[in-house]
Amino acid sequence: MRKVQHNDLMAKYENPIEHTCDVCEGQSWISKGGTCPEGLCPEAWKTMQEFVEALARGEGNFYDGWMKDPYSAMISCNDGFRPVSFYIETIE
């Protein structure tokens with residue numbers, strides 16, 4: 001959905017690293033039965049797994065009406081320097 005980079009925080013707190021996130025805006029993945037889609041970052045999966053599994057079971061309405069579509073969620077990965085926001089929804 002969206003990827004941002006906080007250069008000021010990186011300069012102040014992060015040690016230089018060679019390889020960072022490979023996710024690009026516009027990419028999409030499909031989880032079948034609530035399993036991690038092939039090619040999805042394992043760390044991103046950790047942050048969304050609970051929501052994907054719940055949606056796969058037909059559950060929704062997280063946090064009592066958080067999302068306009070109750071069978072969706074907006075989840076961000078746990079990289080505070082380069083967070084990626086993922087829109088998760090059920091599809092037929």
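**Salt bridges, core and loop contacts in a predicted chain**

The chain has 4 salt bridges, each defined as a side-chain nitrogen of Lys or Arg within 4 Å of a carboxyl oxygen of Asp or Glu. The model is predicted: local features need pLDDT of at least 70, side-chain atom pairs count only at pLDDT 80 or more, and totals for chains, interfaces and linings use all residues. Numbering starts from 1 along each chain as its sequence is written, and side-chain values use heavy atoms, with hydrogens and water left out.

**Fold and overall numbers**

- The chain holds 2 helices and 3 strands, taken as DSSP runs numbered from the N terminus (helices: H or I, at least four residues; strands: E, at least two).
- Their order along the sequence is β-α-α-β-β.
- The C-alpha trace spans about 45 × 30 × 20 Å along its principal axes.
- Of the 92 residues, 26% are buried; buried means under 20% relative accessible area, exposed over 50%, and partly exposed in between, with a 1.4 Å probe and protein chains only.
- Contacts (heavy atoms within 4.5 Å) reach along the sequence: among those with a separation of 6 or more, 42% join residues 24 or more positions apart.

**Surface and charge**

- The exposed area is about 6,800 Å², and carbon and sulfur atoms supply 49% of it. Areas come from the Shrake-Rupley method with a 1.4 Å probe; for residues, only the protein chains shown count as cover.
- The chain carries 8 positive and 15 negative charges. Lys and Arg count as positive, Asp and Glu as negative; His and the chain ends are not counted.
- The mean positions of the two sets are 4 Å apart, each charge being placed at NZ of Lys, CZ of Arg, CG of Asp or CD of Glu.

**Salt bridges**

- Side chains of opposite charge can pair when their charged atoms come close.
- Arg-82 pairs with Glu-14, with the closest N and O atoms 2.9 Å apart. Arg-82 sits in the loop between strand 2 (72-76) and strand 3 (84-89), and Glu-14 in the loop between helix 1 (7-13) and helix 2 (42-56), so the bridge ties together parts 68 residues apart in sequence.
- Both Arg-82 and Glu-14 are buried; the relative accessibility of Arg-82 is 5%.
- Arg-82 also bridges to Asp-79, at 3.3 Å from N to O. Glu-14, Asp-79 and Arg-82 thus make up a salt-bridge network.
- Glu-43 and Lys-46 form another bridge, 2.9 Å from N to O. Both lie in helix 2, 3 residues apart, about one turn of the helix.
- Glu-43 is partly exposed at 34% relative accessible area, while Lys-46 is exposed at 56%.

**Nonpolar core**

- The largest nonpolar core has 16 residues. Such a core is a set of buried Ala, Val, Leu, Ile, Met, Phe, Trp, Tyr and Cys residues joined through side-chain atoms within 4.5 Å.
- Helix 2, strand 2 and strand 3 each give two or more residues to this core. Helix 2 gives the most, with 7 residues.
- Those with the most contacts inside the core include Leu-40, Met-48, Phe-62 and Ile-88.
- Beyond four places in sequence, Ile-88 contacts residues including Met-48, Val-52, Leu-55 and Ile-75.

**Pro-83**

- Pro-83 lies in the loop between strand 2 and strand 3. Pro-83 is buried, at 17% relative accessible area.
- Not counting residues up to four places away, Pro-83 touches Arg-2, Lys-3, Val-4, His-6 and Cys-77.
- Pro-83 and Phe-51 are 32 residues apart in sequence and 18 Å apart in space, C-alpha to C-alpha.
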